[in-house]
Amino acid sequence: MKKFVYQRPKVSLIKRIRIKEDRDLKKGIRLNRNERVENFDKKIFTKIFENIKDYDPGKYPDQSQIYKVLSRYLKVKRNEILISSGIDGSIKSIFEIFTQQNDKIAVLDPTYAMYKVYSNIFKTKLVKINYNNFKLDRKKLFKLISYSNIKILFIPNPNQPIEDNLTIKEIKKILSICKKNKILVVIDEAYHMFGSISAINLRNKFENLLVLRTFSKSFGLPSIRFGFIIGNSKIIQILNSYRLSYESNFFSDLIVKYFIQNQTVVTNYIKKVKKGRDFLRKKLVQIDIDVYGKNSNFLLINFKNESYLKRILKTFSQKKIYVKSNYSGELKNCILLTCGPTYIMKKIFDIIKKEIQK
C-alpha cells in the first residue's frame, strides 16, 4: 500500500540543515555570522525581566502594545507594519503570498542564502544579478527589470558579502521602472543603522515597495527572532490577511520594547562597531590589502593569495577566532569578518599583519 504524504502542489521538498553552535562562546571571538561581537551587560536583562507580572507568561501576548511602540519608533502608521520572525520570516511570507510556480524572482549574487532556499521550496525561477570585480552589475539590473518578466526583485541594501550600496536616486529609478512593469521590489535593510540609507519614506509613493528590517543586526539581538515588514497600508493589509494568530511572543516583545525605549544601549554599541570597522579598514588599506564595506557591521577582505588566506585562517582557528571563508569564484581568497569594538579589531589586524609579513 502506497504511503500518502500531503504536500502543497507548488512546494518542493528540499534538504535543509540546521546550523550547529560549534563555537567556544566563552573564550572565542564570534566574527562569522554578523552578530553582536561584544556581550551585553547582564544588568540589562535583569532590568528587562524584573517587572514581569505573575500572570504575563500564562496568557496570550497583547500585540497591540508592541505595534504601538514600533510605529512610534519608526514614525509610520500602525497599519504600515507587520511583525515577522526576523527577515527570514518576512522573505518566506512574501514568497508564500506573492509567488506562483515558475515565477521569475531576481536576486543579487552572491547574497543572503535564504532567497535561494525559498525559491527552491516554492519552485520559482531564480534570476541572478551578478557582481563584476566587486561591483554590482547595474546595467544588467536595469535591463532585467525593464525587459524581463520578473515578478519580485529582492535587493539587500547594503548587500552581503559584497556591499556596493545603492543610492536613494537609484532606488527611486528601480521602483519607477518596476512599478510600470508590475514588479514587487523588496528592500532588505538589515544593516541600516550602521550607515546606509533607508527606503522607508518611499513607501507611500511606490505601492510596489516592501522594506524589511530586523533586530538581529543593528540591535544585536538575533536570538529573539524579531523582524518586521514596512510598506503602504494596502500591501500590508494583504500580508496581514495571511499572518499567524500572534506574530511574536511576550518575551521577544518585552526585549524589543526595552531596547527601543533605551536607544543609547544600541547607538553606543553601533558607534563602537563603526569605529572598529573604520579602524580595521584603514589599517588593512595601509598594508595594501583590498577591503570592502563601509555601511554595515562587516568587512569583506580580499587577500588575493591563497597561501596568505590559509595561514591567517589557521592562526584564527588556533586562537578561536571565527570568520566566514567558504567562498568561490572571485571571492575564493576572501573572508567576511563581523566588526566589533576597536580593541577586538586591533587583535585581528595584528594577526593579519604578522602573517602577511612572514
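## What packs over helix 6

In this predicted model, the buried residues of helix 6 are covered by a set of elements that includes helix 5 (138-147), strand 6 (150-156), strand 7 (184-188) and strand 8 (209-214). The residues in question are Glu170, Ile171, Ile174, Leu175, Ile177 and Cys178. They sit on the same side of helix 6, because the arc they cover around the axis is only 165°. That fits the usual helix geometry: with 3.6 residues a turn, residues three or four places apart point the same way.

Turn to the face pointing away from that buried side and you find Lys169 and Lys180, both exposed. Helix 6 itself spans residues 168-180, which makes 13 residues. From first C-alpha to last it reaches 18 Å, close to the 18 Å expected at 1.5 Å a residue. After helix 6 comes Lys182, with a positive phi near 60°.

## The eight-stranded sheet

Strands 6, 7 and 8 also belong to an open sheet of 8 strands, in the order 2-9-8-7-6-3-4-5 and with mixed pairing. Strand 2 (81-84) and strand 5 (135-136) are the edge strands; each has a single partner strand, so one side of each goes without a neighbour in the sheet. Helix 5 packs on this sheet as well, touching strand 3 (104-109), strand 4 (125-132), strand 5 and strand 6. The direction of helix 5 makes about 150° with that of strand 4.

Over at strand 8, the partner to look at is strand 9 (residues 227-231): the two run antiparallel and are joined by 5 bridges. Within strand 9, Ile229 is the residue opposite Leu212. Helix 7 (residues 233-241) lies across strand 2, strand 7, strand 8 and strand 9, and runs at about 140° to strand 9.

## Strand 11 and its two partners

Now to another set of strands. How many of the 5 residues of strand 11 (residues 298-302) are buried? The count is 5 of the 5, so strand 11 is largely enclosed by the rest of the structure. Both of its faces are covered, with Phe298, Leu300 and Asn302 buried on one side and Leu299 and Ile301 buried on the other.

Strand 11 pairs antiparallel with strand 10 (residues 290-292) over 3 bridges, and Val291 stands opposite Ile301 there. Strands 10 and 11 make a hairpin with 5 residues between them, and Gly293 in that turn has a positive phi of about 130°. Strand 11 also pairs antiparallel with strand 13 (residues 334-338), this time over 5 bridges. Ile301 turns up again here, with Ile335 as its bridge partner in strand 13.

## A buried arginine

Arg277 is in helix 9 (residues 263-286). This arginine counts as buried because its relative accessible area is 3%, under the 20% cut-off. Leaving out residues up to four places away in sequence, Arg277 touches Phe194, Lys294, Asn295, Ser296, Leu299, Cys339, Gly340 and Met345. One of these, Leu299, is among the buried residues of strand 11.

## Cysteines without disulfides

The structure holds 0 disulfides. Take Cys334: the closest cysteine sulfur, in Cys339, is 15 Å from its own, which is too far for a bond. Cys334 is buried, at a relative accessible area of 0%. Cys178, from the buried side of helix 6, is likewise buried, with a relative accessible area of 0%.

Key:
Residues are numbered from 1 along each chain as its sequence is written. This is a predicted model: local features need pLDDT of at least 70, side-chain atom pairs count only at pLDDT 80 or more; totals for chains, interfaces and linings use all residues. Side-chain values use heavy atoms; hydrogens and water are left out. Helices (H or I, at least four residues) and strands (E, at least two) are DSSP runs, numbered from the N terminus. The expected span of a helix is 1.5 Å times one less than its number of residues. Buried means under 20% relative accessible area, exposed over 50%, partly exposed in between (1.4 Å probe, protein chains only). The arc is that of the directions from the helix axis to the C-beta atoms. Contact means heavy atoms within 4.5 Å. Two strands pair if DSSP finds at least two bridges between them. Axes are lines fitted to C-alpha atoms, for helices over the stretch in contact, and angles run from 0 to 180 degrees between N-to-C directions. A disulfide is a pair of cysteine sulfur atoms within 2.5 Å.
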